[in-house]
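This report describes how protein and DNA meet in the model shown below, and then turns to the arrangement of helices and strands in one of the chains.

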Number of protein chains: 2
Amino acid sequence: MGFAETFKALSDPVRRDILVLLKDGRLPAGEIGSHFNMTGATISYHLGILKNAGLVFESREKNFIYYELNTSVVEEVMLWLSELKGENYHVKEE
Amino acid sequence: MGFAETFKALSDPVRRDILVLLKDGRLPAGEIGSHFNMTGATISYHLGILKNAGLVFESREKNFIYYELNTSVVEEVMLWLSELKGENYHVKEE
DNA sequence: TCAGTATTTAGAAAAATTTCTAAATACTGA
DNA sequence: TCAGTATTTAGAAATTTTTCTAAATACTGA
């Protein structure tokens with residue numbers, strides 16, 4: 001669950017689209033899948049990779065499994081990149 | 001040369017190590033290669049991917065090809081991530 | 001309990017990536 | 001010009017990734 005997994009997870013366009021989809025809140029796996037022209041099994045595979053990378057977490061409720069963006073890991077990636085640039089960055093408060 | 005290439009380029013640990021190596025300034029291909037236990041051909045392959053992704057540029061001088069980090073593309077990736085988080089970020093001046 | 005819905009797992013095929021060796025290109029300086 | 005150095009390109013093997021179908025698991029509500 002280090003940077004290796006996280007960057008690998010971010011390298012696929014389907015997985016990035018999933019993250020964008022989750023930007024506004026959590027969604028169940030089926031709802032996520034309905035936005036793609038792929039089988040549920042494939043979406044499940046991608047969700048597994050995102051989860052393993054720490055980029056999302058899941059929560060079970062009723063008959064659904066909800067996925068939610070983990071912004072703190074996104075933040076960590078940004079920090080790594082900002083160190084690469086050799087500059088600091090600052091999250092705007094409020 | 002969109003995000004697809006850039007994220008793919010960032011997904012390999014060797015390529016990320018190359019970028020870190022270039023953090024402090026440009027280096028010729030051979031010098032970069034000397035830090036890895038791989039053939040020059042393989043390093044050349046990775047440099048080509050980084051160049052194609054816009055993450056580095058090259059400049060020829062004497063008998064060497066120098067590679068240099070392109071921080072503006074790193075910045076673009078950070079912006080994409082910050083939009084994902086739904087927050088702004090701010091580069092510290094000075 | 002049980003039929004139905006939501007999702008994942010297993011296994012396999014197809015495609016993409018990483019690495020190597022060998023050969024080619026490009027430039028330097030004598 | 002030419003031998004030498006730096007780097008890339010070509011082609012192939014090994015590995016990893018993505019996707020599918022079919023089957024399994026898990027939970028719901030009647």
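In this predicted model, the surface near DNA strand C is made up, by class, of 10 nonpolar, nine polar and four charged residues. Among the 23 residues around DNA strand C, those that come nearest are Gly30(A), Ser44(A), Tyr67(A), Thr42(B) and His46(B). On the side of the nucleic acid, sugar and phosphate supply 73% of the atoms of DNA strand C that come within 4 Å of the protein.

Three polar contacts between the protein and DNA strand C can be set out by the atoms involved.

| Protein residue and atom | Atom of DNA strand C | Distance |
|---|---|---|
| Gly30(A), backbone N or O | phosphate oxygen | 2.5 Å |
| Asn63(A), side-chain N or O | base oxygen | 3.0 Å |
| Asn63(B), polar side-chain atom | base oxygen | 3.3 Å |

The elements that give two or more residues to the surface near DNA strand C are, in chain A, helix 3 (29–33), helix 4 (40–52) and strand 3 (64–69), together with helix 4 of chain B. Which element gives the most to the surface near DNA strand C? Helix 4 of chain B does, with five residues.

Helix 4 of chain B (residues 40–52) also packs within its own chain, where its axis and that of helix 2 of chain B (residues 13–21) come within 10 Å and cross at roughly 75 degrees. Since angles of 65 to 115 degrees count as roughly perpendicular, the two helices of chain B are therefore roughly perpendicular to each other. Helix 2 of chain B takes part in this contact through Val14(B), Arg15(B), Ile18(B) and Leu19(B), while helix 4 of chain B takes part through Tyr45(B), His46(B), Leu47(B), Ile49(B) and Leu50(B). By class, the residues of this contact divide into seven nonpolar, one polar and one charged. His46(B) thus appears in two settings, being named both among the residues that come nearest to DNA strand C and in the contact between the two helices.

Chain B also holds an open sheet of three strands, which has the order 1-3-2 and antiparallel pairing. Strand 1 (27–28) and strand 2 (56–61) of chain B stand at the edges of the sheet, each with a single partner strand, so one side of each is left without a neighbour in the sheet. The antiparallel pairing of strand 2 of chain B with strand 3 of chain B (residues 64–69) runs over six bridges, and Arg60(B) has Ile65(B), in strand 3 of chain B, as its bridge partner.

Definitions and conventions. Residues are numbered from 1 along each chain as its sequence is written. Chains are lettered from A and ligands numbered from 1 in the order in which they are written. This is a predicted model: local features need pLDDT of at least 70, side-chain atom pairs count only at pLDDT 80 or more; totals for chains, interfaces and linings use all residues. Side-chain values use heavy atoms; hydrogens and water are left out. Axes are lines fitted to C-alpha atoms, for helices over the stretch in contact, and angles run from 0 to 180 degrees between N-to-C directions. Helices (H or I, at least four residues) and strands (E, at least two) are DSSP runs, numbered from the N terminus. Angles under 35 degrees count as roughly parallel, over 145 as roughly antiparallel, 65 to 115 as roughly perpendicular and the rest as oblique. Contact means heavy atoms within 4.5 Å. Ala, Val, Leu, Ile, Met, Phe, Trp, Tyr, Cys and Pro count as nonpolar, Asp, Glu, Lys and Arg as charged, and the others, Gly among them, as polar. A residue is near a molecule or strand if one of its heavy atoms lies within 4 Å of it. A polar contact is a pair of N or O atoms within 3.5 Å; within protein, one must be able to donate a hydrogen and the other to accept it, and residues adjacent in sequence count only if both atoms are side-chain atoms. Two strands pair if DSSP finds at least two bridges between them.
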